[in-house]
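Reader: I am new to this structure and should be grateful for a close look at a single part of it. Would you please take the packing of the two helices and the strands around them, and explain it step by step?

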Amino acid sequence: MTASDTFLTAFFAIPLGTSNGQSGAKSYVVSRSELAGGKSHKLVTRERGGPDYISLNLYLTKNSGALLRPCEMSAQKVTEFVISFQPEK
């Protein structure tokens, strides 16, 4: 699945490294890492005090654009999470 501009803007607003924030009414610990000189990105999140888990890879390619690859969950779930995520200040 190709990632939308809205998704990419929200994704890159999430700080690199480990941070805390909210998506919807839930609080999460988020880890975002950059690999392969910025061509590959990984996001792993865990709900604080709850069972929710989100994981995805994002590949930035010359020919195909930004490719979103959720890890064993729907693209809709990861897209909704990233777009609604608000890092703690």
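Author: What follows describes the helices, their contact, and then the strands that help to cover them. The model is a predicted one.

The account begins with helix H1, which spans residues 5–13. Within H1, Phe-7, Leu-8, Ala-10 and Phe-11 are buried. Seen down the axis of H1, these buried residues fall within an arc of 170°, so they line one face of the helix. Exposed residues lie on the other side of H1, namely Asp-5, Thr-6, Thr-9 and Ala-13. The cover over the buried residues of H1 includes the strands S2, S3, S4 and S5 (65–70), together with helix H2 (75–84).

Helix H2 may be described in the like manner. Its buried residues include Ala-75, Val-78, Thr-79, Phe-81 and Val-82. They cover an arc of only 165° around the axis, which puts them on the same side of H2. Among the elements that cover the buried residues of H2 are H1, strand S1 (17–23), S2, S3, S4 and S5.

The next matter is how the helices meet. Two packed helices are described by the angle between their axes and the distance between the axes. For H1 and H2, the angle is about 55° and the axes are 8 Å apart. H1 is therefore oblique to H2. Their crossing is left-handed. On the side of H1, the contact is made by Thr-6, Phe-7, Ala-10 and Phe-11, and on the side of H2 by Val-78, Thr-79, Val-82 and Ile-83. Of these, Phe-7, Ala-10 and Phe-11 are buried residues of H1, while Val-78, Thr-79 and Val-82 are buried residues of H2. Thr-6, by contrast, is exposed.

The strands come next. S2 (residues 26–35) and S3 (residues 40–47) run antiparallel and are joined by 8 bridges. Val-29 has Arg-46 of S3 as its bridge partner. The hairpin of S2 and S3 has 4 residues between the strands, and Ala-36 takes a positive phi near 50° there. S3 is also joined to S4 (residues 53–61), by 7 bridges, and these strands likewise run antiparallel. Here Arg-46 stands opposite Tyr-53 in S4. Arg-46 thus has Val-29 as a bridge partner and Tyr-53 opposite it in S4. The hairpin of S3 and S4 has 5 residues between the strands, and in its turn Gly-49 has a positive phi of about 75°.

Two residues of these strands may be examined singly. Ser-40 is found in S3. Its relative accessibility is 12%, so Ser-40 counts as buried, the limit for that class being under 20%. Apart from residues up to four places away in sequence, Ser-40 touches Ser-33, Glu-34, Leu-35, Leu-58 and Tyr-59. Tyr-59 in turn lies in S4. Because its relative accessibility is 32%, Tyr-59 counts as partly exposed. Leaving aside residues up to four places away in sequence, Tyr-59 touches Lys-39, Ser-40, Gly-65, Ala-66, Leu-67 and Arg-69. The C-alpha atoms of Tyr-59 and Arg-32 are separated by 13 Å, and these residues are 27 residues apart along the chain.

Notes. Residues are numbered from 1 along each chain as its sequence is written. This is a predicted model: local features need pLDDT of at least 70, side-chain atom pairs count only at pLDDT 80 or more; totals for chains, interfaces and linings use all residues. Side-chain values use heavy atoms; hydrogens and water are left out. Two strands pair if DSSP finds at least two bridges between them. Buried means under 20% relative accessible area, exposed over 50%, partly exposed in between (1.4 Å probe, protein chains only). The arc is that of the directions from the helix axis to the C-beta atoms. Contact means heavy atoms within 4.5 Å. Axes are lines fitted to C-alpha atoms, for helices over the stretch in contact, and angles run from 0 to 180 degrees between N-to-C directions. Angles under 35 degrees count as roughly parallel, over 145 as roughly antiparallel, 65 to 115 as roughly perpendicular and the rest as oblique. A crossing is left-handed if the near helix is turned anticlockwise from the far one by less than a right angle, and right-handed if clockwise.
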